[in-house]
Amino acid sequence: MDVDISTTLCGVRLPNPTVLASGVLGLSHEVMVRVAESGVGGVTTKSCSIKPRPGYHNPVVLDWGSGLINAVGLSNPGVEVMVEEIQAAKEILAPLGVPVIASIFAETIYDFGNAARFISEARPDLIEVNISCPNIDDRYRLMFAADPYVAGQVTRRVKLNTDIPILVKLSPNVTNLVKIAQAVVEAGADGITAINTLGPGLILDIETGHPVLAHGTGGISGPAIRPIAVRCVRDICQAVDVPVIAVGGVANGRDIVEMLMVGAAAVGIGSAIHHRGIKVFEKACGELKDYMVTHNYSRLGDFRGKAL
Ligand SMILES: Cc1cc2nc3c(=O)[nH]c(=O)nc-3n(C[C@H](O)[C@H](O)[C@H](O)COP(=O)(O)O)c2cc1C
């Protein structure tokens, strides 16, 4: 039986629904190409800012048994370098039919627009707007993603500065996720990515009593957060009518089916690369196809949204 696992995100075709989640590998074009050759459906770059950022000291990531905890500090070489990396990646990925999603972040609403304008020079297929980082415009250092009005303002500013479709990446660390999703869609978001890491969390070295991560606290990802991600994606898909990339703990074909059933158009995979290796995309797609054959489904649309 022939199964078609291709999907479409804001008019962009993906050969399969798996996407490399932002921050986990997508910094250089060499690595993006390696991921594409490992069977991924789309590649998201690490989030980049206008100026380079060194990030935090090591250790920045720890496997704590049920997932990862990380505080990388959004280290990146800045948008100028990322434009070159994306251009180089696109030359190789475009013929393979694998789209590139450029992730951006900024410290002010205004700079989100500038970052979008600069990154658009590389002509990524989509832009992901990471609003789940602290907002230094705000005295209380709230995330942009914590407030519907601010999240909408960032979205508007980005839309004014690019003609490339945008996905806004939301945080689970809020009390009104649906209102935030509605605000970004009203402001013009073409799609949503959900979720960023949960937390922050804290893991101690019990010999010293100090946090293991140099930064202290960090965001939680991996299997432990998957049920929360599934619930968030379901709530968003029920509330808004734009494509959603579901991210959070996805590791295999079963997890992809679950995310599609709550309405996702594609799924991001990050932490699972740590325990299943870079071939996780190919393996998960094989498991997805097996499930579809067993259940007599020939397209993702046959069961997408079944749980809504
Ligand atoms: C080491 C690490 C770095 C990350 N960096 C970014 C980043 O730069 N931008 C971003 O939007 N998300 C970043 N994330 C969050 C992931 O893209 C993803 O939303 C989250 O890890 C949940 O998915 P997972 O459980 O599959 O890892 C990072 C996650 C990890 C583990």
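How many of the five residues of strand E9 are buried? The legends below start from that strand and describe close-up views of a predicted model.

**View 1. Strand E9 and its parallel neighbours, E8 and E10**. Five of the five residues of E9 are buried, so the strand is largely enclosed by the rest of the structure. Ile166, Val168 and Leu170 point one way from E9, while Leu167 and Lys169 point the other way, and buried residues are thus found on both sides, Lys169 being one of them. Strand E8 (residues 126–130) runs parallel to E9 and is joined to it by four bridges, with Asn130 standing opposite Lys169. Strand E10 (residues 191–194) also runs parallel to E9 and is likewise joined to it by four bridges, and here Leu170 of E9 stands opposite Ala194 of E10.

**View 2. Asn161, in the loop that leads from helix H4 to strand E9**. This loop lies between H4 (148–160) and E9 (166–170). Asn161 has a relative accessibility of 18% and counts as buried, because the cut-off for that class is under 20%. The side chain of Asn161 is joined to that of Arg117 by a polar contact of 3.2 Å. When residues up to four places away in sequence are not counted, Asn161 touches Gly113, Ala116, Arg117 and Ser120.

**View 3. The packing of helix H3 against helix H4**. The axes of H3 (residues 109–120) and H4 come within 8 Å and cross at roughly 30 degrees, and the crossing is right-handed. On the H3 side the contact is made by Ile109, Tyr110, Phe112, Gly113 and Ala116, and on the H4 side by Val150, Gln153, Val154, Arg157 and Val158. Two of these H3 residues, Gly113 and Ala116, are also among those touched by Asn161.

**View 4. The packing of helix H1 against helix H2**. H1 (residues 29–37) and H2 (residues 79–96) have axes 8 Å apart and pack at an angle of about 20 degrees, which makes H1 roughly parallel to H2, a description that applies to angles under 35 degrees. H1 passes H2 in a right-handed crossing. His29, Met32, Val33 and Ala36 are the H1 residues that take part, and they meet Glu85, Ala88, Ala89, Ile92, Leu93 and Leu96 in H2.

**View 5. Helix H7 and the elements that cover its buried residues**. H7 (residues 253–261) is mostly covered, with seven of its nine residues buried, namely Gly253, Asp255, Ile256, Val257, Met259, Leu260 and Met261. These buried residues pack against three strands, E3 (18–20), E15 (244–247) and E16 (266–269), and against two helices, H6 (226–239) and H9 (280–294). At the N-terminal end of H7, Asn252 acts as a cap, with a side-chain oxygen that lies 3.2 Å from the backbone nitrogen of Arg254. Just after H7, Gly263 takes a positive phi of about 110 degrees.

**View 6. Strand E16 between covered faces, with its partners E3 and E15**. Ala266 and Gly268 lie on one side of E16 and Val267 and Ile269 on the other, and all of them are buried, with the result that both faces of the strand are covered. E3 pairs with E16 in the parallel sense over three bridges, and Leu20 has Ile269 as its bridge partner. E15 and E16 also pair in the parallel sense over three bridges, with Val247 standing opposite Gly268.

**View 7. Ile228 in helix H6**. With a relative accessibility of 28%, Ile228 counts as partly exposed. Leaving aside its neighbours within four places in sequence, Ile228 is in contact with Pro172, Ile195 and Leu198. The C-alpha atoms of Ile228 and Gly249 are separated by 9.3 Å, although these two residues are 21 residues apart along the chain.

**View 8. An open, antiparallel sheet of four strands**. The strands follow the order E5-E6-E14-E11, and the edges are formed by E5 (61–63) and E11 (198–201), each of which pairs on one side only. From one strand to the next, the twist averages 30 degrees. Within this sheet, E6 (residues 68–70) and E14 (residues 218–221) pair in the antiparallel sense over three bridges, and Asn70 stands opposite Gly219 in E14.

How values were computed:
Residues are numbered from 1 along each chain as its sequence is written. This is a predicted model: local features need pLDDT of at least 70, side-chain atom pairs count only at pLDDT 80 or more; totals for chains, interfaces and linings use all residues. Side-chain values use heavy atoms; hydrogens and water are left out. Buried means under 20% relative accessible area, exposed over 50%, partly exposed in between (1.4 Å probe, protein chains only). Contact means heavy atoms within 4.5 Å. A polar contact is a pair of N or O atoms within 3.5 Å; within protein, one must be able to donate a hydrogen and the other to accept it, and residues adjacent in sequence count only if both atoms are side-chain atoms. Two strands pair if DSSP finds at least two bridges between them. Axes are lines fitted to C-alpha atoms, for helices over the stretch in contact, and angles run from 0 to 180 degrees between N-to-C directions. Angles under 35 degrees count as roughly parallel, over 145 as roughly antiparallel, 65 to 115 as roughly perpendicular and the rest as oblique. A crossing is left-handed if the near helix is turned anticlockwise from the far one by less than a right angle, and right-handed if clockwise.
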